[in-house]
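Dear colleague,

Please find below the structure that I am handing over to you. My notes on what was found in it follow directly after.

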Amino acid sequence: MNLRDRCVIVTGAGSGIGRALALEFARHGARVALAGRRADRLEQTAVLVRQDGGKALAVPADVTRAEDVRGLVAAAETDFGPVGVLFNNAGSFGCIAGVHEADPAAWWHDVTVNLLGPFLLARAVLPGMIARDEGVIINMNGGRPTGGSAYASGKAGLMELTRVLKEELALLKSRVLVFGAGPGLVRTEMTELQADREAGRRWIPSTAGAFAAGKTRSPQDIARATIRLLEIARPEHSGRIYSPDTDFATWSTSLHPRPPPCPTTSRSP
């Protein structure tokens, strides 16, 4: 896909991987709609994109609210045209606790952000993509850590949603593509909470250990891998999960084995 003048929506674009994605998309000519709950952070990302010569629109939105999602897509299309790429990056990992002690409201909040949000965004952009017979949806994968059952359940559900959506699009004979992205462990606000909070050190000690050993990926790693994916993506690739380590040259037209979940922990929206 040529990103020049394409409308791209990135959720969770106020920091971390979302900000890196927005900057990378803009550097390749895309017009980027930035979504998230923190208006000040979104505007900071927008300023960085513009300083780099790109075009950005900051749209504060809660991805779990259907009316916010509809407003986001409408604003993006009004300013930048039909949505060519949706990257569902926004995520939540606030509930760190064993299942036996987890607060139900906090648990369900993580699930809704990580699963309902991407569903609502995909549902909003798919009619236009299907009508034009083009477009790409990318859903952010994440780890399945102990003590993070809400996050793990949401992300596992999201990858199953990715698989089912791929099958639905194939049934419609649509050329719209859907992928999962696995960034590895990135040091962000979200993962720093796992290292800083007592519950995180108890349930997910590997995060602090990886930080201490310097074993993390940068947000730019998955952003650059995403650009490489879009450069080679074809219908037969749809449904796959990629990472910064993916060798896209090896992708074939044969059925790709379902990859294992992304390791241990995840990243900030």
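**Findings**

The model is a predicted one. Helix α4, residues 104–132, lies across three strands, namely β1 (7–11), β4 (83–88) and β5 (136–140). With respect to β4, helix α4 runs at about 160°.

Those strands belong to an open sheet of seven, arranged in the order β3-β2-β1-β4-β5-β6-β7. The pairing in this sheet is parallel. The edges are held by β3 (55–60) and β7 (241–242); each has a single partner strand, so one side of each is left without a neighbour in the sheet.

At the β3 end, strand β2 (residues 31–36) is joined to β3 by six bridges, and the two run parallel. Within this pair, Val32 of chain position 32 stands opposite Ala56 in β3. Helix α2, residues 39–51, lies across both β2 and β3 and runs at about 175° to β3.

Returning to α4, I would draw your attention to its packing with another helix. Two packed helices are described by the angle between their axes and the distance between the axes. For α4 and helix α5 (residues 149–171), the angle is about 20° and the axes are 7 Å apart. An angle under 35 degrees counts as roughly parallel, and α4 is therefore roughly parallel to α5. The crossing of α4 past α5 is right-handed.

On the α4 side, the contact is made by Trp107, Asp110, Val111, Asn114, Leu115, Pro118, Phe119, Leu126 and Ile130. The α5 side contributes Ser149, Ala150, Tyr151, Ser153, Gly154, Lys155, Gly157, Leu158, Leu161, Leu165 and Leu169. By character, the residues of this contact comprise 13 nonpolar, five polar and two charged.

Two aspartates deserve a note on backbone geometry. Asp5, found in the segment before β1, has a phi near 65°, a positive value in a residue other than glycine. Its relative accessibility is 43%, so Asp5 counts as partly exposed. Asp133 lies in the loop between α4 and β5. Although Asp133 is not a glycine, its phi is positive, at about 60°. At 31% relative accessibility, Asp133 also counts as partly exposed, because that class spans the values between 20% and 50%.

With kind regards

Definitions and conventions. Residues numbered from 1 in each chain as written. Predicted model: local features only at pLDDT ≥ 70, side-chain atom pairs only at ≥ 80, totals over all residues. Heavy atoms only, no water. Pairing = 2+ DSSP bridges. Helix = DSSP H or I, 4+ residues; strand = E, 2+ residues; numbered from the N terminus. Contact = heavy atoms within 4.5 Å. Axes fitted to C-alpha atoms, helices over the stretch in contact; angles between N-to-C directions. Parallel < 35°, antiparallel > 145°, perpendicular 65-115°, else oblique. Left-handed = near helix turned anticlockwise from the far one by under 90°. Nonpolar A, V, L, I, M, F, W, Y, C, P; charged D, E, K, R; others polar. Buried < 20%, exposed > 50% of the residue type's maximum accessible area, 1.4 Å probe, protein only.
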